[in-house]
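The following exercises introduce a structure to a new reader. Each task is followed by a solution in steps.

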Amino acid sequence: GADVVIHDPISLGGVRARHPELTAIDNLDAAAASAEIVLVGTEWRQYREIDPVHFGSLVADKTVIDGRNCLPYHQWQEAGWRVIALGRNLER
């Protein structure tokens with residue numbers, strides 16, 4: 001029952017071809033608009049360098065799952081995000 005929105009700076013064409021049922025958006029800010037959860041599944045530089053303060057202003061809920069452990073999680077936590085990094089215990 002979830003509405004899944006996909007962004008990828010490299011492979012959206014392939015995603016659209018293989019999964020036409022998903023919404024694929026070219027603009028990262030637009031893809032994040034009103035998101036209840038953000039999942040980072042690739043280590044693209046564009047994702048590693050996201051400003052968590054700005055990005056937090058776009059989403060409905062500041063929860064991010066870092067599936068690649070590529071985010072500077074302290075910066076995200078300081079910006080008010082709940083960070084779930086697979087394989088890490090980030091509890092304060």
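The term pLDDT denotes the predictor's confidence in each residue, on a scale from 0 to 100. The model is predicted, so local features need pLDDT of at least 70 and side-chain atom pairs count only at pLDDT 80 or more, while totals for chains, interfaces and linings use all residues. Numbering starts from 1 along each chain as its sequence is written, and side-chain values use heavy atoms, without hydrogens and water.

**Exercise 1.** Determine the confidence of the chain.

*Solution.* Begin with the whole chain: its mean pLDDT is 93, and 96% of its residues reach 70 or more. Then turn to the elements, where helices (H or I, at least four residues) and strands (E, at least two) are DSSP runs numbered from the N terminus. Helix H1 (residues 12-18) has the lowest mean pLDDT among them, 92, and helix H4 (residues 52-56) the highest, 98.

**Exercise 2.** Describe the order of the elements in the chain.

*Solution.* First, count 5 helices and 5 strands. Next, read along the sequence to obtain the pattern β-α-β-α-β-α-α-β-α-β.

**Exercise 3.** State what share of the residues is buried.

*Solution.* Apply the cut-off for buried, under 20% relative accessible area with a 1.4 Å probe and protein chains only. Of the 92 residues of the chain, 32% meet this criterion.

**Exercise 4.** Establish how contacts are spread along the sequence.

*Solution.* Take a contact as heavy atoms within 4.5 Å. Among contacts in the chain with a separation of 6 or more, 45% come from residues 24 or more positions apart. Finally, the C-alpha atoms fill a box of roughly 40 × 25 × 25 Å along the principal axes.

How values were computed. Buried means under 20% relative accessible area, exposed over 50%, partly exposed in between (1.4 Å probe, protein chains only).
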